[in-house]
Amino acid sequence: MQRRLRTTDLLPIGDLARRTGLSVSAIRFYEDKGLVEPIRTSGNQRRFLRSDIRRLSFILIAQQLGLALSEIETELAKLPHGRTPTAGDWQAISQSIRGQLDAKITQLERTRDKLDGCIGCGCLSLKHCKLYNPDDELAAEGPGPRKLLG
């Protein structure tokens, strides 16, 4: 049984923008993508649940972590609509993306550690470059910076 919403449970889009630091247009973009779902008043105005502050904050954090919008959408689809997510709900999402984050951390560490050496860029023009790839040996492994992409 869903509890009855009070008007204090709902925020106009401008208030949500101020609380999250997002522009109104960004919130509308996320709304169009189905990442937040406003409730419409009888006057057809958008009202958002206070819990949408956390949903939007998660989007901002997940984007900073390098998750694609489709990945964020998949994770947010696991959260309940119409009620504030519990600590358990957020913990389940955290566990779900942990492997992706660990892989990104590994790649960042590999990049940091090898950036001053050979990154396998396919460079053939510099004879004494630490990045030099003699006879383009790495081409057989594929395009791009092979030593960093793994």
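Here are five short exercises with worked solutions on this predicted model.

**Exercise 1. Getting an overview**

Find out how many helices and strands the protein chain has, and in what order the elements run.

*Solution.* Start by counting: the protein chain has six helices and three strands. Next, follow the chain from the N terminus, where the elements run β-α-α-β-β-α-α-α-α. Then look at burial: of the 150 residues in the protein chain, 30% are buried. Finally, turn to the contacts with a separation of 6 or more: 53% of these join residues 24 or more positions apart.

**Exercise 2. Putting the strands in order**

Work out the order of the strands in the sheet, and which strands stand at the edges.

*Solution.* First, trace the sheet from one side to the other: it is open, its three strands come in the order S1-S3-S2, and the pairing is antiparallel. Strand S1 (10-12) and strand S2 (39-40) each have a single partner strand, so they stand at the edges with one side lacking a neighbour in the sheet. Now look at one pair: S1 and strand S3 (residues 46-49) are joined antiparallel over three bridges. To find your place in this pair, look for Leu 10, which stands opposite Leu 49 in S3. One more element belongs in this picture: helix H1 (residues 13-20) packs on the sheet and touches S1 and S3. The direction of H1 makes about 90 degrees with that of S1.

**Exercise 3. H1 and H3**

Decide how H1 lies relative to helix H3, and which residues meet there.

*Solution.* Begin with the axes: those of H1 and helix H3 (residues 52-64) come within 10 Å and cross at roughly 50 degrees. An angle from 65 to 115 degrees would count as roughly perpendicular, and one under 35 as roughly parallel. The crossing of H1 with H3 is therefore classed as oblique. As for handedness, H1 passes H3 in a right-handed crossing. On the H1 side, the residues are Leu 16, Arg 19 and Thr 20; they meet Asp 52, Ile 53, Leu 56 and Leu 60 in H3. Sorted by kind, the residues of this contact are four nonpolar, one polar and two charged.

**Exercise 4. H1 and H2**

Now do the same for H1 and helix H2: what is the class of their crossing, and which residues meet?

*Solution.* The axes of H1 and helix H2 (residues 24-32) come within 9 Å, crossing at roughly 105 degrees. The two helices are therefore roughly perpendicular to each other. From H1, Ile 13, Gly 14, Leu 16, Ala 17 and Thr 20 take part, meeting Val 24, Ile 27 and Arg 28 in H2. This contact of H1 with H2 is made up of five nonpolar, two polar and one charged residue.

**Exercise 5. Arg 55 and Pro 85**

Is Arg 55 buried or exposed? Find out the answer for Pro 85 as well, and how many Å apart they are in space.

*Solution.* Locate Arg 55 in helix H3. Its relative accessibility is 4%, and because the cut-off for buried is under 20%, Arg 55 counts as buried. Beyond its neighbours within four places in sequence, Arg 55 is in contact with residues including Leu 35, Val 36, Leu 79, Pro 80 and Trp 90. Pro 85 sits in the loop between helix H4 (69-76) and helix H5 (87-114). With 6% relative accessibility, Pro 85 counts as buried. Not counting residues up to four places away in sequence, Pro 85 touches Ser 51, Leu 79, Pro 80 and Trp 90. Last, the distance: Pro 85 and Arg 55 are 30 residues apart in sequence, and 9.1 Å apart in space from C-alpha to C-alpha.

Technical notes: Residues are numbered from 1 along each chain as its sequence is written. This is a predicted model: local features need pLDDT of at least 70, side-chain atom pairs count only at pLDDT 80 or more; totals for chains, interfaces and linings use all residues. Side-chain values use heavy atoms; hydrogens and water are left out. Two strands pair if DSSP finds at least two bridges between them. Helices (H or I, at least four residues) and strands (E, at least two) are DSSP runs, numbered from the N terminus. Contact means heavy atoms within 4.5 Å. Axes are lines fitted to C-alpha atoms, for helices over the stretch in contact, and angles run from 0 to 180 degrees between N-to-C directions. Angles under 35 degrees count as roughly parallel, over 145 as roughly antiparallel, 65 to 115 as roughly perpendicular and the rest as oblique. A crossing is left-handed if the near helix is turned anticlockwise from the far one by less than a right angle, and right-handed if clockwise. Ala, Val, Leu, Ile, Met, Phe, Trp, Tyr, Cys and Pro count as nonpolar, Asp, Glu, Lys and Arg as charged, and the others, Gly among them, as polar. Buried means under 20% relative accessible area, exposed over 50%, partly exposed in between (1.4 Å probe, protein chains only).
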